[in-house]
Amino acid sequence: MDQNTTDDSKSLVRIVLPMMARHQVPITPQNYAVWYAYANGDNSELQKTLDTMIENGDRFTDQQNEKLCAEFGFSSEANEIKKLRDELLQLLLSILNDISEINGETAHYESFLSNSVESLSKDPSIEDLKFIVECILSETKAIIEFGKTAQRKIQNITSELKVLKENFEQTRTEALMDFLTGVANRKAFEEELTKLTIEADALMKELCLLVIDIDHFKQFNDQHGHAVGDEVLRFTAQKLKSQVRGNDFVARTGGEEFAILLPETTLSGAEAVAENIRAFFSTASLKTSGGEKSLGRITVSIGGSKYRRGETTKSFVQRADTAMYSAKTAGRDRFRMAVDL
């Protein structure tokens with residue numbers, strides 16, 4: 001890399017990171033790519049959009065950051081998959097080349113053996129026999145050595161494929177994770193929702209859904225700042241995970257909203273989980289990470305629904321959402337189950 005290019009990149013890093021901190025943008029690969037391009041002047045439309053947002057004093061919420069990434073093509077998933085695709089293509093070309101070499105070598109050996117058989121069929125002299133044996137020994141040693149080399153190549157290829165497979169799995173895991181809280185994101189939730197509803201229909205299994213929304217989160221954020229708000233979101237995500245079983249599925253589906261899929265759970269079982277969650281947050285006392293300042297407490301409103309055989313995933317989620325808003329309307333810090341919705 002050109003030294004000037006390297007120096008320019010370092011200079012931009014020193015500009016980009018403080019800029020992101022000033023506007024309270026989380027440091028994620030996608031967000032960094034957006035603001036790096038902005039600082040570098042790569043995209044005039046991006047510059048115009050961000051300049052307008054900054055001038056208007058707009059907040060860079062998670063939803064807004066995701067929208068910017070998608071609109072201007074900074075999807076980490078897409079970039080990582082392209083990189084992995086290129087690595088796999090290069091590896092496959094290497095494998096094809098090695099296979100053609102192996103085929104060429106074995107074809108040569110097969111041809112040599114056929115010629116030797118033909119020579120032995122012509123009543124050869126003792127000198128001819130000696131020469132044929134020496135040639136067979138020499139060619140056999142060569143094919144054995146080539147076989148060892150080929151085996152080493154195959155072992156190396158196998159190792160590379162294992163590493164590539166791990167990279168694919170890691171990329172997929174990251175694509176399905178919410179960077180801020182460490183739980184599953186909306187995409188992962190929708191995939192799991194589809195899978196579990198199909199299982200529920202096919203195997204006649206129970207399935208329930210809880211939708212959890214932090215009460216008055218915007219006011220909390222405005223009062224204590226986005227950094228503290230992010231800590232609360234992380235705290236909420238981890239506590240939700242601690243309140244459920246191993247096969248239950250916790251996801252952050254947007255802003256301050258979370259969802260929990262409860263496979264093989266009855267409606268009464270879902271109610272018990274909802275009440276445990278509500279009660280925990282209702283009594284939990286929040287403090288800053290250093291523990292020197294009390295932040296009071298947060299409460300949650302929860303809506304739940306039980307899956308009806310054959311209904312769409314949209315209907316299943318909407319009924320839980322409606323129940324959650326019913327809990328909000330009724331005064332918050334409570335849960336409602338969509339029995340008749």
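## Exercises on a pocket and a sheet

The second largest pocket has a volume of about 330 Å³, as computed on a model that is predicted.

**Exercise 1.** Determine which residues lie closest to the centre of the second largest pocket, which elements give two or more residues to its lining, and how the lining divides into nonpolar, polar and charged residues.

*Solution.* Begin at the centre: of the 19 residues that line the second largest pocket, those closest to its centre are Arg59, Thr61, Asp62, Asn221 and His226. Next, turn to the secondary structure, where α4 (62–71), α8 (217–224) and α9 (226–242) are the elements that give two or more residues to this lining. Finally, sort the lining by residue class, which yields 4 nonpolar, 7 polar and 8 charged residues.

**Exercise 2.** Establish the strand order of the open sheet formed by 5 strands, and identify its edge strands.

*Solution.* The order is β2-β3-β1-β6-β7, and the pairing within this open sheet is mixed. At the edges stand β2 (249–254) and β7 (335–337), each of which pairs on one side only. Neighbouring strands of the sheet are turned against each other by 20° on average, if direction is ignored. One helix can then be placed on this framework: α11 (residues 313–329) packs on the sheet and touches β1 (207–214), β3, β6 (300–306) and β7, while its direction makes about 145° with that of β6.

**Exercise 3.** Follow the pairing from β2 to β3, from β3 to β1 and from β1 to β6, and name a residue pair for each step.

*Solution.* As background, strands of a sheet pair through backbone hydrogen bonds, either parallel or antiparallel. Starting from the edge strand β2, 5 bridges join it to β3 (residues 257–263), and the two run antiparallel; here Val250 stands opposite Ile260 in β3. The step from β3 to β1 is again antiparallel, with 7 bridges, and Leu207 stands opposite Pro263 in β3. On the side of β6, β1 pairs in the antiparallel sense over 7 bridges, where the bridge partner of Ile214 is Val300 in β6.

**Exercise 4.** Are the residues on the two faces of β1 buried or exposed?

*Solution.* Take as the criterion that a residue is buried under 20% relative accessible area. On one side of β1, Leu207, Leu209, Val211 and Asp213 are buried, and on the other Cys208, Leu210, Ile212 and Ile214 are buried as well, so that by this cut-off both faces are covered. The count for the strand agrees, with 8 of its 8 residues buried in β1.

How values were computed: Residues are numbered from 1 along each chain as its sequence is written. This is a predicted model: local features need pLDDT of at least 70, side-chain atom pairs count only at pLDDT 80 or more; totals for chains, interfaces and linings use all residues. Side-chain values use heavy atoms; hydrogens and water are left out. On a 1 Å grid over the protein atoms alone, a cavity is a set of points where a 1.4 Å probe fits but cannot get out, and a pocket is an open set with protein on both sides within 12 Å along at least five of seven lines; lining residues have an atom within 4 Å of a point. Grid points are joined across faces, edges and corners, and a volume is the space filled by probe spheres set on the points. Helices (H or I, at least four residues) and strands (E, at least two) are DSSP runs, numbered from the N terminus. Ala, Val, Leu, Ile, Met, Phe, Trp, Tyr, Cys and Pro count as nonpolar, Asp, Glu, Lys and Arg as charged, and the others, Gly among them, as polar. Two strands pair if DSSP finds at least two bridges between them. Axes are lines fitted to C-alpha atoms, for helices over the stretch in contact, and angles run from 0 to 180 degrees between N-to-C directions. Contact means heavy atoms within 4.5 Å. Buried means under 20% relative accessible area, exposed over 50%, partly exposed in between (1.4 Å probe, protein chains only).
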